[in-house]
Amino acid sequence: MFEYAPAPESRSIVSIRPSYDLFIDGEFVEAKSDERIVTINPADEEPLAEVAAAGEADVDRAFTAARRAFERVWSPLPGAERGKYLFRIARIIQERARELAVLESLDNGKPIKETRDVDVPLAAAHFIYHAGWADKLAHAGFGPSPRPVGVAAQVIPWNFPLLMLAWKIAPALATGNTVVLKPAETTPLTALAFAEICQEAELPPGVVNILTGAGGTGRAVVAHPDADKVAFTGSTEVGREIARAVAGTGRRLTLELGGKGANIVYDDAAMDQAVEGIVSGIFFNQGHVCCAGSRLLVQESIAEELLAKLRTRISRLRLGDPLDKNTDIGAINSAAQLDRIRELAAAGEAEGASGWSPACPIPERGYWFPPTVFTGVTQAHRIAREEIFGPVLSVLTFRTPEEAVAKANNTPYGLSAGVWTEKGSRMLWTASRLRAGVVWSNTFNMFDPASPFGGYKESGYGREGGRHGLEAYLD
Amino acid sequence: MPDTTPGSLRTLLRELPGVDEVGVHRRTADLATRSVKTTAKRAAIDLAIRMVDLTTLEGADTPGKVSALAGKAMRPDPADPTAPSVAALCVYPDMVPVAARALAGSGVELASVATGFPAGRTSLEVKLADTGAAVAAGATEIDMVIDRGAFLSGDYRKVFDEITAVKETCGQARLKVILETGELATYDNVRRASWLSLHAGADFIKTSTGKTAPAATLPVTLVMLEAVRDYHLATGRRAGVKPAGGIRTTKDAMRYLVMVKEVAGDGWLDPAWFRLGASTLLNDLLMQRAKLTTGHYAGPDYYTID
């Protein structure tokens, strides 16, 4: 017998400064606002650094820089030249991959194996993909000479900080726009590292501006009168607020919001792989995934067998130090998010569903929630309707394909879904009836920059990635 | 014992859930990222050595070569008596008497391939005689091959009957059933052949003869580990898995052990339930083991070639 020994990735590869300024017009500048935010490591609650919270004057300054860069430098630049900058950024991300992975793990709490194998390589891939588009926009299907929109105001969430930054910045830059981006309050560090990467790549000043801050900064960024386009990824609640702020201004808006994805498992599914898909669907990134497969819809005839396998599998997940290379489940990003997960899990129990978690040791410090499976869930339960954004799976059963589709669609959201069957005709029948922006067939949570991503209904509008994603940034 | 009429066997195997190839590869790749370091590596190397079926299956095998390999099986590292013995020595049937003399009293099992290894293209009488002779000469384990032609043509009954007959001939010897997964081509077939062998009484299911390519692979082993795990759950009887062929480095071996641990469970992390059929792997394990002890690699001349 052998047990895995601790295998921590060294944090000596990153040097975190005690304090960070705002990145405006190609330089780190002191904020005019004197408000500061402390970002902490959610795995041990230790402070990592202090960052500025940009105020309205700072936001003004960033938009002025972005406008100037848009008009004088970036939009007149030939696409091929813009592409070179994007390739250069991608290369630097790859060169600094290990550092970025460790930094992301520290600031976010997600396991190093995910930042190393998913977040950072995919972020680089998005720049590479869009670098390729930069000189081919005339062939993208948006007219013979599509023009950039202008200055994009972008606000991103804390669940995939660097990756969401890449999703936002890469298409904007490839199409000739300039950017004012606000990273999430709890995860600003990789965005600030990205600002250094922009300097290293000698990106012209003002093309990318990064303003750290909390909700107030975000509101000022999206409501700024000089924004031509607003792009937001985050909660449906904040998305609504932004839609109201932008309404009637003529500004473009794309929203990528919450989800309550259904993972439908038919009785003829490849069961062991379905179990893997269910696990990665809800426990990947501690369930902090807008497109998570948080509702398992399993055909009644195999429910018992599948759940037994699922429990065995979940019992082998390793929760703990995010920097340990063998960790599967890291820390919950913040105390506030942990409270939200706890509240909804408690509601699940109170409403009559029964929760199960494996016996797994929980570290004493930091924010943690064990992987949890709720059975006996009905459509009426809050845990079947509300986005939990945590490692909590709600299991429902169905008897017929019609019922599966009806239940899967019975949600105000419509971001993602998964279907598991070995029968091709049933796969196509089901996928064509699901109201979700992404439907995964016999897999889950697979991402590629060439594939457009986005939602229906309350999951937002607009697409990111692929040819479709360019449209939001082109006139 | 299930209903073994031809129709029922077919139904039984067809009812098994399918295997999604993409998913199997994804899971395999994910498990391959596990980091086995320091104390874990030390424990895993010793366990891997204890799981090796040290093998020589060549037309050119001689009594001298088999005796030398038996010596190595019992004491793999002449310079370090703390290195454990391997699980078994695996030879052709005619070498069993030589190996039995060399291994006598050592605790190292003596495995013999049989049943017209590697193709198995011979009559049942010959297969049984082959098996019986090996057991009589002292083999404690028999590695048989299934009739892949019969399996691929859908004659599951024939495969089943051959395994049960060989099993009976084995008596006390443990039976490893070689599926030759490289010839079965699909993971669905690997799963069906695994269950068929288990139902027929296999003590072990083994990937390959080592005579066809591809031999053992991690994804194939994953499917077979799932089979023994699920069979154990369904019947209470535990069977083992033996990947064989192409496993050459300590890193490969670590990946197999990680897979055993996470797919089948800790219960299979035992030479009684998992083996690595290999020849050159042993020296690499010994080299890595010495490196952990001394902090440096000795040259290949410090390890025996056989």
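This section describes selected salt bridges, a buried strand and a helix in a predicted model.

Salt bridges were searched for across the whole structure, and 55 were found over all chains. Side chains of opposite charge can pair when their charged atoms come close. Three of these pairs are described here, one in chain A and two in chain B.

In chain A, A:R340 and A:E386 form a salt bridge in which the closest N and O atoms are 3.8 Å apart. A:R340 belongs to helix α11 (residues 335-350), whereas A:E386 sits in the loop between α12 (382-385) and β15 (392-398), so the contact ties together parts of chain A that are 46 residues apart in sequence. Both partners are partly exposed: the relative accessible area is 31% for A:R340, and the relative accessibility of A:E386 is 25%.

In chain B, a salt bridge links B:R289 to B:D80, with 2.8 Å between the closest N and O atoms. Because B:R289 is part of helix α13 (residues 281-294) and B:D80 is part of the loop between α4 (63-74) and β2 (88-91), this pair ties together parts of chain B that are 209 residues apart in sequence. B:R289 is buried, at 3% relative accessibility. B:D80 also counts as buried, at 18%, since the cut-off for a buried residue is under 20% relative accessible area.

The other chain B pair consists of B:K242 and B:D143, whose closest N and O atoms lie 3.0 Å apart. Here both partners are in strands, B:K242 in β7 (residues 240-242) and B:D143 in β4 (residues 141-145), so the salt bridge ties together parts of chain B that are 99 residues apart in sequence. B:K242 is buried, with a relative accessibility of 0%, and B:D143 is buried with a relative accessible area of 0%. The pair is part of a network: through shared partners, salt bridges join B:K242 and B:D143 with B:D53, B:E141, B:K176, B:K206 and B:R275.

Strand β12 of chain A (residues 295-299) is largely enclosed by the rest of the structure, because 5 of its 5 residues are buried. In a regular strand the side chains alternate between the two faces of the sheet. In β12(A), A:R295, A:L297 and A:Q299 point one way, while A:L296 and A:V298 point the other way, and all of them are buried.

β12(A) is paired with two strands, β11(A) and β15(A). Strand β11 of chain A (residues 262-265) runs parallel to β12(A) and is joined to it by 4 bridges. Within this pairing, A:I264 stands opposite A:L297. β11(A) and β12(A) also form a right-handed β-α-β unit together with helix α9 of chain A (residues 271-283). With β15(A), β12(A) shares 5 bridges, and these strands likewise run parallel. The bridge partner of A:R295 in β15(A) is A:S394.

Helix α10 of chain A comprises residues 303-315. Its 13 residues should span 18 Å at 1.5 Å a residue, and the end C-alpha atoms are 18 Å apart, so the expected and computed values agree. The buried residues of α10(A) are A:A303, A:L306, A:L307, A:K309, A:L310, A:R313 and A:I314. These residues lie on the same side of α10(A), because they cover an arc of only 160° around the axis.

Definitions and conventions:
Residues are numbered from 1 along each chain as its sequence is written. Chains are lettered from A and ligands numbered from 1 in the order in which they are written. This is a predicted model: local features need pLDDT of at least 70, side-chain atom pairs count only at pLDDT 80 or more; totals for chains, interfaces and linings use all residues. Side-chain values use heavy atoms; hydrogens and water are left out. A salt bridge is a side-chain nitrogen of Lys or Arg within 4 Å of a carboxyl oxygen of Asp or Glu. Buried means under 20% relative accessible area, exposed over 50%, partly exposed in between (1.4 Å probe, protein chains only). Two strands pair if DSSP finds at least two bridges between them. A crossover is right-handed if, with the strands pointing away from the viewer, the path from the first strand over the helix to the second runs clockwise. The expected span of a helix is 1.5 Å times one less than its number of residues. The arc is that of the directions from the helix axis to the C-beta atoms.
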